[in-house]
Amino acid sequence: MKNKFKFLNKVLENKVIKKMNSYNFMPVIWWTLLVVVLAYGSSLLKVKVVWRVGLVFLILNNICAYQIGKVINERKLKAWWLVLLPIVFVLVVLSHYAKYNLILIVTYFVFEMFGLMNKDFYRK
């Protein structure tokens, strides 16, 4: 199993990556970069629009948004980190996609808030 992940281990052992990962906010940036890679990667792979919007934008990106909310809650980051993903997604949409995809920013923000709540849906 170690042979399969040899490249990944080399990347993670890099001094620059280790230094970056020592910061408390880096998981938020990694999740946001994953959203960008999914968006542009699906376009490069010529995924049909229905699958791109349905699978990538609605399902996978909402999972990433939820995880970002959880990370912000667990690491006690400032609330302004919640706007990083929506702002980056605005830039992705404006650079390459149809403007109707901008409505997804609201869903990403809502899912970030769900992650931020961390199972506190009901107050006693």
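These questions and answers walk through a predicted model of one protein, from its overall fold to single residues.

Q: How many helices and how many strands are there in the protein?
A: This is a predicted model. Read along the sequence, the pattern is α-α-α-α-α-α. The count is six helices and zero strands.

Q: What share of the residues of the protein count as buried?
A: The C-alpha atoms fill a box of roughly 50 × 40 × 25 Å along the principal axes. A residue is buried when its relative accessible area is under 20%. Of the 124 residues, the buried share is 31%.

Q: What part of the accessible surface of the protein belongs to carbon and sulfur atoms?
A: The accessible surface comes to about 8800 Å². The part that belongs to carbon and sulfur atoms is 70%.

Q: Among contacts between residues at least 6 apart in sequence, what percentage join residues at least 24 apart?
A: Contact here means heavy atoms within 4.5 Å. Take the contacts in the protein between residues at least 6 apart in sequence. The share that joins residues at least 24 apart is 70%.

Q: How far apart are the end C-alpha atoms of H3?
A: H3 covers residues 26-44. At 1.5 Å a residue, its 19 residues should span 27 Å. The model agrees with that, because the end C-alpha atoms of H3 are apart by 26 Å.

Q: Which helices are included in what covers the buried residues of H3?
A: The buried residues of H3 are Met26, Pro27, Val28, Thr32, Val35, Val36, Ala39, Ser42 and Ser43. Their cover includes helix H2 (15-21), H4 and H5.

Q: Is serine 43 buried or exposed?
A: Serine 43 sits in helix H3. Leaving out residues up to four places away in sequence, serine 43 touches Arg52, His96 and Tyr97. Its relative accessible area is 16%, so serine 43 is buried.

Q: Which residues does tryptophan 30 contact, leaving aside its neighbours within four places in sequence?
A: Tryptophan 30 is also in helix H3. At 33% relative accessibility, tryptophan 30 counts as partly exposed. With neighbours within four places left aside, its contacts are Ile17, Met20 and Asn21.

Q: How far apart in space are tryptophan 30 and leucine 85, C-alpha to C-alpha?
A: In sequence, tryptophan 30 and leucine 85 are 55 residues apart. Leucine 85 is one of the buried residues of H5. From C-alpha to C-alpha, the distance between tryptophan 30 and leucine 85 is 11 Å.

Q: What is the sign of phi in lysine 46?
A: Most residues other than glycine have a negative phi. Lysine 46 follows H3 and lies in the loop between H3 and helix H4 (49-74). At 69% relative accessibility, lysine 46 counts as exposed. Its phi is near 60°, and the sign is positive.

Q: What is the phi of lysine 76?
A: Lysine 76 is in the loop between H4 and helix H5 (84-96). Its relative accessibility is 68%, so lysine 76 counts as exposed. Lysine 76 is not a glycine, yet its phi is positive, at about 55°.

Q: What is the accessible area of the nonpolar surface patch that includes Val50?
A: Valine 50 is in helix H4. With a relative accessible area of 68%, valine 50 is exposed. Val50 forms the patch with Trp51, Leu55, Leu58, Ile59, Leu60 and Ile63. Together they have an accessible area of about 670 Å².

Q: Within what arc do the buried residues of H5 fall, seen down its axis?
A: H5 has 13 residues and reaches 19 Å from its first C-alpha to its last, close to the expected 18 Å. Its buried residues are Leu85, Pro86, Val88, Phe89, Val92 and Val93. They line one face of the helix, because they fall within an arc of 165°.

Q: Which helices are included in what covers the buried residues of H5?
A: The residues to be covered include Phe89 and Val93. Their cover includes H3, H4 and helix H6 (104-117).

Q: Which residues are in contact with asparagine 101, beyond its neighbours within four places in sequence?
A: Asparagine 101 is in the loop between H5 and H6. Its relative accessible area is 3%, so asparagine 101 is buried. Leaving aside those neighbours, asparagine 101 is in contact with Val53, Phe57, Phe89 and Val93.

Conventions: Residues numbered from 1 in each chain as written. Predicted model: local features only at pLDDT ≥ 70, side-chain atom pairs only at ≥ 80, totals over all residues. Heavy atoms only, no water. Helix = DSSP H or I, 4+ residues; strand = E, 2+ residues; numbered from the N terminus. Buried < 20%, exposed > 50% of the residue type's maximum accessible area, 1.4 Å probe, protein only. Expected span 1.5 Å × (residues − 1). Arc of directions from axis to C-beta. Patch = residues over 30% accessible without salt bridge, like charges linked within 9 Å, V, L, I, M, F, W, Y side chains within 5 Å. Areas by Shrake-Rupley, 256 points an atom, 1.4 Å probe, with all protein chains shown as cover. Salt bridge = Lys/Arg side-chain N within 4 Å of Asp/Glu carboxyl O.
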